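Visitor: I would like to learn how to read a model like this one. Please show it, and start with the terms.

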Amino acid sequence: MPELPEVETVVRYLRPHLGGQVITDFHAHWPKVTAPIVPEEFAECISGRTIREVDRRGKYILWNLDQGHIHIHLRMTGQLSVISPGEVGDGRHITAEFTLSNSRQVAFRDTRKFGRIGYMDDLHALESGLGIEPLSAEFSPEWLHRELASRRRQIKPLLLDQAFIAGLGNIYVDEALFVARIHPLKKACDLSSAEAGRLQEAIQEILKESIHQDGTTIISFGFGEGRRGRYRELLQVFRRDGEPCPRCRTPLVKIRVAQRGTHLCPACQVPG
Ligand SMILES: [Zn+2]
């Protein structure tokens, strides 16, 4: 599932194509793509509106309009691509299409069809469910240590909670906990200030490097016409169980934490 770096990659890809364009048409090939409202109602909200800018909040892609906001969640397999007039895009699995005033189209392609497109007059309802942005200046070692101190949950499920930190998912949480040498089952409030500092640094460094590599493609992440992320080569533990730890050569293991496959080094990340 796309996480913060993959969503940011899509935002950076879309941004130069969409700014200043008027949405002239919207068509849904899969009616549930705009659920809970019907596509006709969604189209009414957005047609004729100008796209001011493309932005990201957590794992949501935002198109900020001259009035209101479109939010897009890629979920498992959603992909966006901008198609110029006369260009033949990959027509398979398209669930929705926008047409812009420069005649370009933005196609939403989604094999699993869990991706969703929505409209909001303002972002209050979205914001209320989302925690801090991990690449913001507010996400400091001090902030993280202070917030962890009052939470008794295990660290991995807490980091996956979008209401705590927005944008992290299974891949980057496993990678960050490995780099910070923290066991995924450790209680948040038991992390020392040094551990919280290592974790904050690891999260930011890993996300930045992954954005630099256009994200991670494991199976399905892509954007544009056939473009893929390159961070997969740099993953240290995710889906590398059985391989030697890059730090100490102990074989990496896979356990289950909160119903999620979790990858770690049993020597570098000790419980406690
Ligand atoms: Zn190790």
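Guide: Begin with the elements. Helices (H or I, at least four residues) and strands (E, at least two) are DSSP runs, numbered from the N terminus. With that, D214 can be placed in the loop between α7 and β9. Phi of D214 is near 65°, a positive value in a residue other than glycine.

Visitor: What should I know about the model itself?

Guide: This is a predicted model, where local features need pLDDT of at least 70, side-chain atom pairs count only at pLDDT 80 or more, and totals for chains, interfaces and linings use all residues. Residues are numbered from 1 along each chain as its sequence is written, and side-chain values use heavy atoms, with hydrogens and water left out.

Visitor: Which other residue in the loop between α7 and β9 has a positive phi?

Guide: R239 lies in that loop too. Its phi is near 55°, again positive in a residue other than glycine. A glycine case is G20, just after α1, with a positive phi of about 85°.

Visitor: Which peptide bond is cis?

Guide: The one that joins A35 and P36, with omega of about 15°. P36 sits in the loop between β1 (23-28) and α2 (39-46).

Visitor: How many helices and strands does the chain have?

Guide: Seven helices and ten strands. Now the overall dimensions. The radius of gyration is taken over C-alpha atoms; the globule rule is 2.2 Å times the number of residues to the power 0.38. Here the radius of gyration is 20 Å, close to the 19 Å from the rule for 272 residues, so the chain is as compact as a globular protein of that length. Along its principal axes the C-alpha trace spans about 55 × 35 × 30 Å.

Visitor: How do I read contacts by sequence separation?

Guide: Contact means heavy atoms within 4.5 Å. Take the contacts between residues at least 6 apart in sequence: 64% of them join residues at least 24 apart.

Visitor: And burial?

Guide: Buried means under 20% relative accessible area, exposed over 50%, partly exposed in between (1.4 Å probe, protein chains only). Of the 272 residues, 53% count as buried. F108 is one case: its relative accessible area is 0%, so F108 is buried. F108 lies in strand β7 (residues 105-110). The C-alpha atoms of F108 and G89 are 11 Å apart, with their positions 19 residues apart along the chain.

Visitor: Is helix α1 largely enclosed or open to the outside?

Guide: Largely enclosed by the rest of the structure, because eleven of its 15 residues are buried. Among them are E6, E8, V10, Y13 and L18. Check its length as well. The expected span of a helix is 1.5 Å times one less than its number of residues. For α1 (residues 4-18) that gives 21 Å, and the end C-alpha atoms are 20 Å apart, which agrees.

Visitor: How do I read a salt bridge?

Guide: Side chains of opposite charge can pair when their charged atoms come close. The cut-off: a side-chain nitrogen of Lys or Arg within 4 Å of a carboxyl oxygen of Asp or Glu. The whole structure has twelve salt bridges. R109 and E225 form one, at 3.1 Å from N to O. This pair links distant parts of the chain: R109 is in strand β7, E225 in the loop between α7 (193-212) and β9 (253-257), 116 residues apart. R109 is buried at 8% relative accessibility, while E225 is partly exposed at 34%.

Visitor: Which other pairs should I look at?

Guide: E147 and R151 form a salt bridge, with the closest N and O atoms 2.8 Å apart. E147 is partly exposed at 22%, and R151 is partly exposed at 27%. E243 pairs with R240, at 3.4 Å between the closest N and O atoms. Salt bridges that share partners also join E8, R12, R56, R57, E127 and E133 into one network.

Visitor: Which residues form a nonpolar patch on the surface?

Guide: Patches are made of residues with over 30% relative accessible area and no salt bridge: like charges are joined within 9 Å, nonpolar side chains (Val, Leu, Ile, Met, Phe, Trp, Tyr) within 5 Å. Areas come from the Shrake-Rupley method with a 1.4 Å probe; for residues, only the protein chains shown count as cover. The patch consists of M1, M76 and F114, with about 280 Å² of accessible area together. M76 is in the loop between β4 (69-73) and β5 (78-83). At 33% relative accessibility, M76 counts as partly exposed. The whole chain has about 12300 Å² of accessible surface, 49% of it on carbon and sulfur atoms.
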